[in-house]
Amino acid sequence: TGAHAEVEFKNVTFRYAGAEKAAVEDISFLAKPGETTAIIGSTGAGKTSLVQLIPRFYDIESGSILVNGIDIREMKQHTLREKIGYVPQKASLFSGTIAENVRFGAKDATDQEVMDALQTAQAIDFVNEKEDGINTYIEQAGSNLSGGQKQRLAIARALVRKPEIYIFDDSFSALDYKTDAKLRSALKEETGNSTIILVAQRVNTVMDADRIIVLNEGKLAGIGTHEELLKDNTIYQEIVES
Ligand code: GTP
Ligand code: MG
């Protein structure tokens, strides 16, 4: 129930201005509401480039990207971006309290909603350990926080907006395996019918996704579940063994 949004790539090719080689080449897939679509591939494979096309940070060269069947080029930028909770690979915090940082983009969120988002993001324990809780001041760029703590605050920032589409670009990389697993299971519980698109480099993070997209040098090397890809996808097997 509730608002939801399906994301479909149809033969999408994208090239950075002046680049000889396409960063994303002829990619097609469907990311469904209520499901997790994971994107895996080695560094430089085009994962970040691909997900940044969804909020339209760049325009594609050919093909189309549809949200609920509508070409994103035909949508108002504001309408499109309102649907998306995007956690960038290098999420940045600003000088201000934890609550202010989480509320960024959702100014009307109550303290309870901030706490709920922190809970789902597995951040509530370390926040509560601080004397001032959600009113703890974050130094410039979060220098008084660990990498994993910053990632979880950035995830909470997306959660508090309750978007229809979540994009997590390598947002779990600084977390230990246990926290990573707990966070992903809490996300599944709490995000209902939202569409989750999750970029990762390690297999553990993508293993239980509904569908895994394997990228290699900008191209689609395979789509399937962990078991399916393990059986017959050499690129995926290489990632598993690395
Ligand atoms: P990791 O984040 O390292 O795991 O890599 P990724 O899979 O996210 O790859 P990404 O999408 O960042 O890069 C894909 C290709 O596009 C690489 O060849 C990059 O060098 C290139 N690229 C990335 N960003 C830019 C950019 O802003 N301009 C140009 N010209 N090329 C870029
Ligand atoms: Mg990247």
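# Exercises on pockets, cores and backbone

**Exercise 1.** Divide the residues lining the largest pocket into nonpolar, polar and charged.

*Solution.* The lining holds 10 nonpolar, three polar and three charged residues. The classes are nonpolar (Ala, Val, Leu, Ile, Met, Phe, Trp, Tyr, Cys, Pro), charged (Asp, Glu, Lys, Arg) and polar (the others, Gly among them). A pocket is an open set of points on a 1 Å grid over the protein atoms alone, with protein on both sides within 12 Å along at least five of seven lines; a cavity is a set where a 1.4 Å probe fits but cannot get out, and lining residues have an atom within 4 Å of a point.

The model is predicted: local features need pLDDT of at least 70 and side-chain atom pairs pLDDT 80 or more, whereas totals for chains, interfaces and linings use all residues. Residues are numbered from 1 along each chain as its sequence is written, chains are lettered from A and ligands numbered from 1 in the order written, and side-chain values use heavy atoms, without hydrogens and water.

**Exercise 2.** Locate the largest pocket and state which elements and domains line it.

*Solution.*
1. Its volume is about 330 Å³, counted as the space filled by probe spheres set on grid points joined across faces, edges and corners.
2. There are 16 lining residues, and Y86, P88, F104, R157 and R161 are the closest to the centre.
3. Two or more residues come from each of strand 6 (84–87) and helix 6 (147–159), with strand 6 giving the most, four residues. Helices (H or I, at least four residues) and strands (E, at least two) are DSSP runs numbered from the N terminus.
4. Domain 1 (1–83 + 165–242) and domain 2 (87–162) both contribute to the lining, so the pocket lies between them. The domain bounds come from an automatic or database assignment.

**Exercise 3.** Describe the second largest pocket in the same steps.

*Solution.*
1. The second largest pocket encloses about 250 Å³.
2. Of its 14 lining residues, L159, K162, Y166, E190 and T191 are the closest to the centre.
3. Helix 4 (residues 111–120) supplies the largest share, four residues.
4. By class, the lining has six nonpolar, three polar and five charged residues.
5. Domain 1 and domain 2 each give at least three residues.

**Exercise 4.** Which residues touch the most other members of the largest nonpolar core, and what surrounds L118?

*Solution.*
1. A nonpolar core is a set of buried Ala, Val, Leu, Ile, Met, Phe, Trp, Tyr and Cys residues joined through side-chain atoms within 4.5 Å. Buried means under 20% relative accessible area, exposed over 50%, and partly exposed in between (1.4 Å probe, protein chains only).
2. The largest core has 44 residues, and L118 and L153 touch the most other members.
3. Helix 6 gives the largest share of this core, six residues, and domains 1 and 2 each give at least three.
4. Neighbours within four places in sequence aside, L118 is in contact (heavy atoms within 4.5 Å) with I98, V102, A123, I124, V127, I134, L153 and A156.
5. A second, separate core has 30 residues, including V12, I54, I84 and V199.

**Exercise 5.** Find the largest cavity and place S64 in relation to its lining.

*Solution.*
1. One cavity of 30 Å³ or more is present, and the largest cavity has a volume of about 50 Å³.
2. Its lining consists of L53, R56, Y58, D59, I60, S64, I65, D71, I72 and R73, by class five nonpolar, one polar and four charged.
3. S64 belongs to strand 4 (residues 62–67) and, at 14% relative accessibility, counts as buried.
4. Neighbours within four places in sequence aside, S64 is in contact with E8, F9, K10, V12, D71 and R73.

**Exercise 6.** Decide whether K162 and D170, which have positive phi, are buried or exposed.

*Solution.*
1. Most residues other than glycine have a negative phi.
2. K162 has a positive phi of about 50°. K162 sits in the loop between helix 6 and strand 9 (165–169) and counts as exposed because its relative accessibility is 57%.
3. For D170, phi is near 60°. D170 sits in the loop between strand 9 and helix 7 (177–190) and counts as buried because its relative accessibility is 12%.
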